[in-house]
Amino acid sequence: MALRFRLRTIGLCLLLFTGLCLKTTGHARAEDNAVFPLTIHHAFGTTVVAQKPVRVATVAWSNHEVPLALGIVPVGMARANFGDDDGDGILPWVAARLDALKAERPVLFNEGDGIDFEAVAATEPDIILAAYSGLSRSDYETLSAIAPVVAYPDAPWSTDWRDTIRLNSAGLGLAAEGEALIARTEAEIAATMAGHPELTGKSAMFITHLGANDLSVVNFYTTNDTRVKFFADLGLASPRSVVSASRPGTFSGSISAEQIDTFDDVDILVTYGDASLLEALEANPLMRHMPAVSNGSLVMLKNDPMGTGANPTPLSISWVLKDYVAALSRAAKAVR
């Protein structure tokens, strides 16, 4: 295996040295005769894809959904560890797509303690897709010894669903198919939103998991996070308070509950929790004064498919869109 890693690395270095790469900015020709080698630019530099990949592996959250949406079954992908109702490691929209393709389940990488590099290597991939991920440079370099890696373009866990599709599809030589997938998804979102004008112009904030027994600190997703970016697709705006509190390159932030009046401009509050958390928020002497709490304009997500799909991915959007928008609509109607 070590020899195979060295040969791949030497091959990539030769390609870079001879300058045989077609430079792109995450886009490539999408026909079966797409021009290879391709060069994909990302946060760690550039990745050369020497020839059309056949064996595709993916790591981290949702990257496998891009090849699946384009009709390619990965040889290995990350095991789902949130919102997996039946515990098989595969989310329902992924299972449905695999069934539609009449495909066997790929190898599932257990990433509970980080990327399982040995398991990834054992699938012998031609490419590793990770456009939406939290790869460290060390992770990237280790994976690159296995196969060319498509990493995130700017910051960890900040690649929105469109760029996840664009980068991963480009790495496959299927950029035009990726753009077509984006267009179909945008059309579906637009059709759904046409029936919910009450959301337009409302502001929304996404708070991370809160503990009903400790509300002293409020952790929230910044405007760099994909959940928050998705609000714009749904007609919602990020309030000025969240924009001001968002730091470049970060997907989350924290604030003391004593400063909760900072977020008085939030119309709709989205978070993960149940009735006990709602009761705790309404009883808390600080949190209960937040307009979204006092108005009841909240969306409480569970550890289920809709809660998972609030972080939009290429296949989950269609699966949860109507239910998620309906929940946001109920919250919007409670705004005073």
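Which residue lies over the face of tyrosine 221, and at what distance from the ring centre? In this predicted model, the residue in that position is arginine 227, which lies at 4.1 Å from the centre of the ring. Tyrosine 221 also belongs to a cluster in which ring pairs link Phe82, Phe206, Tyr221, Phe231 and Tyr272.

The structure as a whole holds ten aromatic pairs. In one of them, the ring centres of phenylalanine 82 and tyrosine 272 are 5.8 Å apart and the ring planes stand at 80°, so the pair is edge-to-face. Because phenylalanine 82 lies in the loop between β5 (76-78) and α3 (92-100) whereas tyrosine 272 lies in strand β12, this pair ties together parts that are 190 residues apart in sequence. The relative accessibility of phenylalanine 82 is 23%, so this residue counts as partly exposed, while tyrosine 272, at 6%, counts as buried. A further pair is formed by phenylalanine 230 and tyrosine 324, whose rings have their centres 6.4 Å apart and their planes at 10°, so that this pair is stacked. Here too distant parts of the chain are linked, since phenylalanine 230 belongs to helix α8 (residues 226-233) and tyrosine 324 to helix α13 (residues 316-333), 94 residues apart. Both phenylalanine 230 and tyrosine 324 are buried.

Strand β12 (268-272), which contributes tyrosine 272 to the edge-to-face pair, is mostly covered, with five of its five residues buried. In a regular strand the side chains alternate between the two faces of the sheet. In β12, Ile268, Val270 and Tyr272 point one way and Leu269 and Thr271 the other way, and all are buried. With strand β9 (residues 204-206), β12 pairs in the parallel sense over three bridges, and in this pairing phenylalanine 206 stands opposite valine 270. Strands β12 and β13 also run parallel and are joined by four bridges, with leucine 298 of β13 as the bridge partner of leucine 269.

Residues of these strands recur in the hydrophobic interior. The largest nonpolar core has 58 residues, and those with the most contacts inside it are Phe206, Leu234, Ile268, Val270, Tyr324 and Leu328. Helix α13 gives the most to this core, with nine residues. Apart from it lies another core, of 20 residues, which includes Ile255, Ala280, Ala292 and Val293.

Ala280 is also one of the buried residues of helix α10 (residues 275-283), the others being Leu277 and Leu281. These residues cover an arc of only 100° around the helix axis, and they are therefore placed on the same side of α10. An α-helix has 3.6 residues a turn, so residues three or four places apart point the same way. On the other side of α10, Ala275, Glu279 and Ala283 are exposed. The cover over the buried residues of α10 includes β12, α11 (291-295) and β13 (298-301).

Isoleucine 260 lies in the loop between β11 (252-256) and β12. At 6% relative accessibility, isoleucine 260 counts as buried, because the cut-off for burial is under 20%. Leaving aside residues up to four places away in sequence, isoleucine 260 touches Val218, Leu286, Met287 and Met290. Between isoleucine 260 and serine 144, by contrast, the C-alpha to C-alpha separation is 44 Å, with their positions 116 residues apart in sequence.

How values were computed
Residues are numbered from 1 along each chain as its sequence is written. This is a predicted model: local features need pLDDT of at least 70, side-chain atom pairs count only at pLDDT 80 or more; totals for chains, interfaces and linings use all residues. Side-chain values use heavy atoms; hydrogens and water are left out. Buried means under 20% relative accessible area, exposed over 50%, partly exposed in between (1.4 Å probe, protein chains only). Helices (H or I, at least four residues) and strands (E, at least two) are DSSP runs, numbered from the N terminus. The arc is that of the directions from the helix axis to the C-beta atoms. Contact means heavy atoms within 4.5 Å. Two strands pair if DSSP finds at least two bridges between them. Rings of Phe, Tyr and Trp (its six-membered ring) pair if their centres lie within 6.5 Å; planes under 30 degrees apart count as stacked, over 60 as edge-to-face and the rest as tilted. A charge sits over a ring if NZ of Lys or CZ of Arg is within 6 Å of the ring centre and within 35 degrees of the ring normal. A nonpolar core is a set of buried Ala, Val, Leu, Ile, Met, Phe, Trp, Tyr and Cys residues joined through side-chain atoms within 4.5 Å.
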